[in-house]
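Biologist: I am new to this structure and should be grateful for a close look at a single part of the model, the surroundings of its ligand.

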Amino acid sequence: MSDNHILVECYGLVQIIRLNRPEKKNAITRAMYQAMTDALKNGECEDAIHAHVILGSEGAFSAGNDMQDFMAFAMGGAMGTEVFDFLMCLSTLKKPIVSGVDGLAIGIGTTIHLHCDMTFATPLSTFKTPFVDLALVPEAGSSLLGPAMMGHQRAYAMFAAGEGFSADEAREAGLIWKVVDQAELEVSVMTCARSLAAKPPIALALAKQLLRPEIAAVQTRIEEEGELFKQQLLSDEAKQAFMAFMARKAS
Ligand code: COA
């Protein structure tokens, strides 16, 4: 893409997808979802790629969906299928995906990792999904995967109450694999991805299939959540929340 908000590179058998919009804390636009979907689909088809990596910037993995895009839809614009396509692709990857988080992981910046196989985060990372505060609902299958992973109360705290989780809390909840120092983040992610990429690919894909038997249910849930999410995006309470975000620097 011309604005380079998503960078895609290959190192050996590993494809790296990097969110690269640090001036907006890596908020994800429709075009960025599309670029990530294209890269993931390409990586799944390409024999020379055995593992995916997803990274953000220093201090911000992602501040979530772009608020301007939310506002545009709330004001009657087209929703597009980019988010849905991305989630469907992400939730059905056969090859391993390893992610690395430094700093902010908000909204989909958190829920992406529910679909990753191994996530590393630095000690100052914060995982937070303020869906309800924005008058929205949990997405990305988080309403199904979250409670299964961390139990009802922690999932409620994260996905309904919008409580922020530290990196240690996210690890204890099973959302991430390891907490590593900032200087070691990308090395740890790449070492892990390279190690996975070197394993017998068919056996590794079968292992993932066995460990993730609920894919059909997750996809159905992503669709159900998506319907409610769209309905709520059009609500007056959501418009008020988006306007409050846009106006926050003026006050
Ligand atoms: N969509 C669009 N732009 C966003 C954004 C988002 N989700 N999150 C941050 N930005 C932009 C800000 O508007 C700002 O742009 P500007 O400099 O042109 O004004 C820039 O990124 C830096 O953000 P800022 O708010 O100044 O930084 P901060 O360190 O004070 O706060 C956040 C960072 C992420 C806590 C805050 O921006 C925020 O709450 N963002 C919204 C997160 C969110 O609710 N996402 C949706 C979840 S469903």
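Which atom of the ligand does a polar side-chain atom of Arg248 lie 2.5 Å from?

Modeller: Please note that the model is predicted. The atom in question is an oxygen atom of the ligand, and a polar side-chain atom of Arg248 lies 2.5 Å from it. Arg248 belongs to a group of 18 residues that surround the ligand. The closest of these are Lys24, Ala63, Met67, Arg248 and Lys249.

Two further residues of that group also make polar contacts with the ligand. In the case of Lys24, a polar side-chain atom is placed 2.5 Å from an oxygen atom of the ligand. Met67, by contrast, contributes a polar backbone atom, which is 2.8 Å from a nitrogen atom of the ligand. The contacts of Lys24 and Arg248 thus involve side-chain atoms of the protein and oxygen of the ligand, whereas the contact of Met67 involves the backbone and a ligand nitrogen.

As to how far the ligand is covered, its exposed area when taken alone is 860 Å². Of that area, the protein buries 69%.

Note on methods:
Residues are numbered from 1 along each chain as its sequence is written. This is a predicted model: local features need pLDDT of at least 70, side-chain atom pairs count only at pLDDT 80 or more; totals for chains, interfaces and linings use all residues. Side-chain values use heavy atoms; hydrogens and water are left out. A residue is near a molecule or strand if one of its heavy atoms lies within 4 Å of it. A polar contact is a pair of N or O atoms within 3.5 Å; within protein, one must be able to donate a hydrogen and the other to accept it, and residues adjacent in sequence count only if both atoms are side-chain atoms. Accessible areas come from the Shrake-Rupley method with a 1.4 Å probe; for residues, only the protein chains shown count as cover.
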